[in-house]
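Please look through the sequence and the three-dimensional structure shown here. The explanation that follows begins with a single side chain and works outward to the chain as a whole.

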Amino acid sequence: MAMKSNVVSILQATLLSASLALPALVLPVSANAAESEDGRYTIVLRPKERNAMLEDMRNYLHGIREITRSLAEGDIDEVEKAARRSGTIAIYEMKPVMSDAMVPRFRSLAIKVHEQFEQLADDAAAGQPPMKLLGDLGRLMNNCVKCHETYAIGSFSHQK
């Protein structure tokens with residue numbers, strides 16, 4: 001009986017991790033999952049949360065620009081510093097106004113981007129060759145593109 005319980009637990013964990021790893025296959029769970037006009041899911045945030053998220057995304061772009069420039073110049077120390085700045089940005093607590101089923105998928109993408117920036121910084125510190133670091137940056141950016149293809153940002157205000 002214990003063996004069957006362990007198998008079921010492993011299967012459940014596998015299915016959960018697979019569902020979080022495949023955000024492109026997310027379908028609306030209910031009528032509460034808001035879609036934008038272009039078919040992306042809308043993440044509705046309060047104005048301060050929206051501004052903070054947009055600022056973080058601008059910081060990622062600045063980091064990607066700095067990493068790219070530094071790779072072109074062969075300045076691996078600066079690659080590490082720029083990647084570390086984007087990797088260690090705190091994932092702030094927000095309470096998106098959207099289907100609860102969408103929140104974990106969105107957050108899993110955000111966490112993955114932070115982890116990939118950290119890994120890029122670690123690889124630069126370990127002396128990995130610039131072409132490997134550039135490939136890592138390209139894979140990291142795949143998650144940026146996936147997020148922007150899947151989600152749109154909206155605003156929620158208490159004012160009518």
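Glu73 is exposed, because its relative accessible area of 53% is over the 50% that the term requires. In this predicted model, the partner of Glu73 in a salt bridge is Arg69, and the closest N and O atoms of the two are 2.3 Å apart. Arg69 has a relative accessible area of 34% and is therefore partly exposed. Both residues belong to helix H2, where four residues, about one turn of the helix, separate them. The reason such a spacing suits a pair is general: an α-helix has 3.6 residues a turn, so residues three or four places apart point the same way.

A second pair repeats this arrangement in helix H3. Glu80 and Arg84 form a salt bridge whose closest N and O atoms are 3.2 Å apart. Because they are four residues apart in H3, about one helical turn separates them. Glu80, with a relative accessible area of 24%, is partly exposed, and so is Arg84, at 23%.

Helix H5 supplies a third pair. Here Asp136 forms a salt bridge with Lys132, with 2.8 Å between the closest N and O atoms. The two residues are again four residues apart in H5, about one turn of the helix. Is Asp136 buried or exposed? At 14% relative accessibility Asp136 counts as buried, because the limit for that term is 20%. Lys132, at 32%, counts as partly exposed. Salt bridges with shared partners also link Glu80, Arg84, Glu118 and Asp122 into one network. The structure holds ten salt bridges. Beyond its neighbours within four places in sequence, Asp136 is in contact with Leu120 and Asp123.

Leu120 also leads to the interior, since it is one of the residues that touch Ile67. Neighbours within four places in sequence aside, Ile67 is in contact with Val79, Ala82, Ala83, Phe117, Leu120 and Leu137. Ile67 belongs to the largest nonpolar core, which has 17 residues; Ile67, Val79, Phe117 and Leu133 have the most contacts inside this core. Which elements give two or more residues to it? They are helix H2 (47-73), helix H3 (76-87), helix H4 (103-125) and helix H5 (130-150). H4 gives the most, with five residues. Apart from this core lies another, of eight residues, including Leu45, Met53, Leu109 and Tyr151.

Helix H3 may be considered on its own. It has twelve residues and reaches 16 Å from its first C-alpha to its last, close to the 16 Å expected at 1.5 Å a residue. The buried residues of H3 are Ile76, Glu78, Val79, Ala82, Ala83, Ser86 and Gly87. Among these buried residues, Val79, Ala82 and Ala83 are also in contact with Ile67.

Not every leucine in these helices is covered. Leu61 is found in helix H2 and, at 59% relative accessibility, counts as exposed. Leu61 and Cys144 are 83 residues apart in sequence, while their C-alpha atoms are 9.8 Å apart in space.

The chain as a whole can now be described. Its secondary structure comes to five helices and two strands, and from the N terminus on the elements run α-β-α-α-α-α-β. Of the contacts between residues at least 6 apart in sequence, 74% join residues at least 24 apart. Buried residues make up 34% of the 160 residues in the chain. The accessible surface comes to about 10,100 Å², and 59% of it belongs to carbon and sulfur atoms.

The confidence of the prediction remains to be considered. The mean pLDDT of the chain is 74, and 66% of its residues reach 70 or more. Over residues 1-33, pLDDT stays under 50, and the model has 19 contacts beyond four places in sequence for these residues. Where pLDDT is low, the predicted coordinates should not be read in detail.

Definitions and conventions: Residues are numbered from 1 along each chain as its sequence is written. This is a predicted model: local features need pLDDT of at least 70, side-chain atom pairs count only at pLDDT 80 or more; totals for chains, interfaces and linings use all residues. Side-chain values use heavy atoms; hydrogens and water are left out. A nonpolar core is a set of buried Ala, Val, Leu, Ile, Met, Phe, Trp, Tyr and Cys residues joined through side-chain atoms within 4.5 Å. Buried means under 20% relative accessible area, exposed over 50%, partly exposed in between (1.4 Å probe, protein chains only). Contact means heavy atoms within 4.5 Å. Accessible areas come from the Shrake-Rupley method with a 1.4 Å probe; for residues, only the protein chains shown count as cover. The expected span of a helix is 1.5 Å times one less than its number of residues. A salt bridge is a side-chain nitrogen of Lys or Arg within 4 Å of a carboxyl oxygen of Asp or Glu. pLDDT is the predictor's confidence in each residue, from 0 to 100.
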